[in-house]
Amino acid sequence: MWSEPEFEVLTAAFAAIPSFRHGGYVTGCSSGLITASGLDRHAAIGDLCLIERREAATPSAASPLFRGQNAVMAEVVGFTEAGVKLVAYEEPVGITRGAKVALEPGLGILYPCLAWRGRVLDALARPIDGGPPLPRGDRAYRITARAVAAERRRGLGRRLSLGVRALDLFTPCCDGQRLGIFAGSGVGKSTLLSMIARDSDADALVVGLIGERGRELNDFLEHTLGAEGRARSVVVVATSDLPAMLRRRAAYVALTVAEQLRDQGLRVLCLMDSVTRFAMALREIYLAAGEVPASRGYPPSVLAELPRLLERAGPGEGEGSITGLFTVLVEGDDTNEPVSDTVRGILDGHIVLDRAIAEGGRFPAVDPLRSVSRSAPGCYTAEEWGLVREARRLMRLHADMEELIRLGAYRSGSNAELDRAIAVRPALEAVLRQDASERAVAGSAAFASLAEALARPTEERAAPSRSDAGATNDDGER
C-alpha cells in the first residue's frame with residue numbers, strides 16, 4: 001500500500017513523463033518548403049507540428065520535446081513520395097537534416113475570453129503589449145473552423161452607424177453584414193477604417209492588421225482608438241516583414257476571437273486591413289507547396305480559401321453578430337483583378353474609394369455611384385430611401401455629362417434636371433466631405449443635411465459657358 005507522500009511522488013513522476021506524440025524527421029528543405037519522413041499515416045492537410053531547431057550557440061540545447069525557443073512551428077500543406085510537405089511559420093534557420101518533427105494538435109486551438117479585450121496580440125495569440133499573460137477561456141475554438149452553417153444563422157440586425165456620413169447615407173451597414181473597402185494604394189482606406197473604428201457604436205471591436213506597415217500599429221492604438229476605444233478592442237497584428245504563414249494565421253486568429261465575442265451575445269465589429277495582403281500570403285504558401293499559378297500568379301487554392309475566411313463573419317445562432325469590414329488593396333486601380341473580383345462576389349456590399357476624388361481634395365474619397373450595400377433599401381425608412389435615390393439620380397446625371405460641363409459645352413437651360421444636378425452638386429459634395437478628425441452626426445441629422453442639400457433651388461450659372469461665350473450671330477458679331 002502506498003503512503004500519501006509516496007503516492008504524490010509517483011504522481012509527480014508520471015506527470016513529468018513526456019506525452020506521446022506522433023513524430024518523424026526532416027529529410028529536406030528548400031525555399032521555405034520542408035520535407036519530413038515518418039508522418040505519412042498520421043499527418044493530415046492543415047495539421048500543425050513542431051520542428052526541432054538547433055541554436056548555433058547551444059547545439060545540444062534541444063530537449064526531447066523541443067518546445068519553446070528550440071522549435072519552429074510548421075503546417076502540413078501536401079504529400080509526396082518523399083514525405084510530408086511542411087511550410088514553416090518562420091524562417092527555417094537552425095533546422096538540420098534529420099531534425100525531429102512532432103505533430104502538435106493543440107497548436108490550432110485557442111481559448112479566447114472577454115478578458116482579452118484591451119489587448120494586442122501577435123499571430124500566435126501571444127500578448128505583445130507588455131501586459132500580463134492572457135487568461136484562458138472555458139471553450140476551445142479551432143482557428144481554421146468552418147463558418148456557422150447558413151441554415152442556422154439569424155438574419156441581419158438593425159442598421160449600424162459607422163460614423164462616416166458618406167457610408168451611413170449611401171452604403172448602410174446592418175448588424176452581421178460584411179462590406180469590402182476597395183481602393184488603390186494611398187487613397188485612404190486605412191484612414192477610413194480608423195474613422196470607423198473610432199466612431200462605430202458596436203459593443204466590441206476586433207482589428208486584424210495583416211501585412212501592413214509596422215508604424216501603423218502605434219498610430220492606430222494611440223491616435224485612433226484612444227483609451228476608451230482600446231478598452232473594448234482586441235488587436236491582432238502581423239506586419240509585412242513576417243513570414244507568410246504568420247500573416248495568414250493572424251487573419252484566422254482575428255476571426256476566431258470575434259466568434260468568441262459574438263457567442264457571448266455582443267455586436268462585434270471586425271475590421272481587417274487587408275484581405276489582399278492575406279491573399280498575397282496565401283500565394284506565397286501555395287506556390288511554395290508546388291501549386292501552379294493561374295490568374296495573375298494566384299494559384300486556384302488562394303481564391304478558394306478566401307470565402308472560408310470571410311464567411312466566418314456574420315450573424316450567429318444567438319443574439320450576437322460579427323459585422324465585417326475588409327479592406328481590399330486594388331492592384332493598379334483595377335477593381336476587376338482576381339482578388340477584388342472574388343471578394344466582391346463573396347461580401348454583402350462594397351465601398352469604392354476613387355483616386356480621382358482623392359486627388360481632387362475630398363475625403364473620404366467614397367464614390368457613391370460605384371458603392372453598393374446589399375442591405376439597401378431594406379434598412380432605410382421610406383423617406384430616407386427617397387432622399388438617397390434622388391441624390392444618386394442627380395449625381396449620376398451630373399457624372400454622365402461631367403465632361404461636357406467641364407469643357408463648357410453645356411448651355412444652361414437646355415435641361416432642367418441637369419441644371420438642378422449642377423446646382424446641388426456643391427452641397428452634396430459638402431455632405432460627403434468629412435475630415436478624419438471630424439465626428440459624424442447622428443443618422444437622422446445626416447439625412448437632414450442630405451435633404452437640405454437636395455432642396456437647394458436651381459440657379460442661373462454665374463458665368464456663361466464657353467459655348468455661350470464663343471457664339472456669334474449671322475453677322476459674325478458676338
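Note to self before the strands: I count two strands as paired if DSSP finds at least two bridges between them. I'm working on a predicted model here.

**Barrel.** I started with S3 and S6, which pair in the antiparallel sense over 3 bridges. Looking for the residue across from Cys49, I found Leu103 in S6. S6 (residues 100-103) also has 3 bridges to S1 (residues 23-30), again antiparallel. There I noted Gly23, whose bridge partner in S6 is Ala102.

Then I traced the whole ring: 6 strands close into a barrel, in the order S1-S2-S5-S4-S3-S6, with antiparallel pairing. From one strand to the next I get an average twist of 45°.

**S4 and S5.** I looked at this pair next. S4 (residues 71-80) and S5 (residues 83-88) run antiparallel and are joined by 6 bridges. Ala74 sits opposite Ala88 of S5. What packs on the sheet here? I found H5, which touches S3 (48-52), S4 and S5. Its direction makes about 90° with that of S4.

**Cores.** I pulled up the largest nonpolar core and got 60 residues. Trp116, Met272, Phe278, Leu306, Leu309, Leu310 and Val343 have the most contacts inside it. Which helix gives the most to this core? That is H5 (residues 244-263), with 12 residues.

I then listed what Trp116 touches, leaving out residues up to four places away in sequence: Tyr111, Leu121, Ala125, Leu134, Pro135, Ser233, Val234 and Val257. Apart from the largest core I logged another one, of 57 residues, with Val187, Leu428, Phe447 and Ala453 among them.

Technical notes. Residues numbered from 1 in each chain as written. Predicted model: local features only at pLDDT ≥ 70, side-chain atom pairs only at ≥ 80, totals over all residues. Heavy atoms only, no water. Core = buried A, V, L, I, M, F, W, Y, C linked by side-chain atoms within 4.5 Å. Buried < 20%, exposed > 50% of the residue type's maximum accessible area, 1.4 Å probe, protein only. Helix = DSSP H or I, 4+ residues; strand = E, 2+ residues; numbered from the N terminus. Contact = heavy atoms within 4.5 Å. Axes fitted to C-alpha atoms, helices over the stretch in contact; angles between N-to-C directions.
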